[in-house]
Amino acid sequence: MSFSLDNRLALCADFVRHGARLADIGTDHAYLPVYLCKKGVCPHAIAADINAEPLKSGEQTVCEAGLKNVIETRLSNGLEKIREDEVDDIVIAGMGGELIAAILENCSFAQNPEKHFILQPMTKSEELVKYLCKNGFEIIKRDCCIAHKKCYTVLLVRFNGENPEVDETFYYAGKLYPRTNEIHRRFIKEHIARLDKRAKGDVHFGMLAERLRRIVDDGNK
């Protein structure tokens, strides 16, 4: 079996530590755990999904790859059925930022600083970043990519117990470098366009959009 990840999942894969035991939450076809285990990055993985039908697709992918001995498929609502002692890096990708925040909130071991969470929100990334900042999670690094003509962001985070005071623009542009990275610039500009639309009902969003424009123009974070 041979396949390649799209840019969105490939960026998630880049953030996984070599030798880490992986949990892929919302795995769907289990492409990410299969890719990482075949590459020798992860010695073991759990491909988890809340719905049985996508999990069946994942099971088929794992079987076709000949990896049933290293990848386990598991029906789980978020991280409810994942034990702290069986994973090191956890990917939560392909869902809204608010849902990802809720999964972290309900995770019994989210405050273990040794665990790395790789988060890829499809929408509301600013709400996810806000949650992270207010609940003791450090954003170790962040990047953006374009997949299927859409722009996405991926965050690598861990719990450190600190709640830094940040400007509201950080929720939209924190840890990004629009002056030197065209994809980062595009990602922030898409936020600006959405804020401009919301400004018709609330001038605050217009002011926020203007501050983000200055970040894009000046490269100041």
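1. In this predicted model, Phe117 makes contact with Leu79, Ile90, Ile92, Leu104, Cys107, Phe109, Ala110, Leu155, Leu156 and Val157, when residues up to four places away in sequence are left out of the count.

2. A second core lies apart from the one just described by its neighbours, and this other core has 31 residues, including Cys37, Ala65, Val70 and Val91. Phe117 itself belongs to the largest nonpolar core, of 45 residues, where Leu79, Ile92, Phe117 and Leu132 are the members that touch the most others. Helix H8 (residues 203-218) supplies the largest share of that core, namely six residues. In soluble globular proteins, nonpolar side chains tend to be buried together.

3. The sheet is open and has seven strands, whose order is S3-S2-S1-S4-S5-S7-S6 and whose pairing is mixed. Strand S3 (71-75) and strand S6 (137-147) form the edges, each of them pairing on one side only, and from one strand to the next the twist averages 15°.

4. Within the sheet, strand S1 (residues 22-25) pairs with strand S4 (residues 89-95) in the parallel sense, over four bridges. Asp24 has Val91 as its bridge partner in S4, and Val91 is also among the residues of the 31-residue core.

5. Helix H1 (residues 7-14) packs on the sheet, where it touches S4, strand S5 (116-121), S6 and strand S7 (150-159), and its direction makes about 150° with that of S6. Helix H7 (residues 182-198), for its part, lies across S6 and S7 and runs at about 95° to S6.

Key:
Residues are numbered from 1 along each chain as its sequence is written. This is a predicted model: local features need pLDDT of at least 70, side-chain atom pairs count only at pLDDT 80 or more; totals for chains, interfaces and linings use all residues. Side-chain values use heavy atoms; hydrogens and water are left out. A nonpolar core is a set of buried Ala, Val, Leu, Ile, Met, Phe, Trp, Tyr and Cys residues joined through side-chain atoms within 4.5 Å. Buried means under 20% relative accessible area, exposed over 50%, partly exposed in between (1.4 Å probe, protein chains only). Helices (H or I, at least four residues) and strands (E, at least two) are DSSP runs, numbered from the N terminus. Contact means heavy atoms within 4.5 Å. Two strands pair if DSSP finds at least two bridges between them. Axes are lines fitted to C-alpha atoms, for helices over the stretch in contact, and angles run from 0 to 180 degrees between N-to-C directions.
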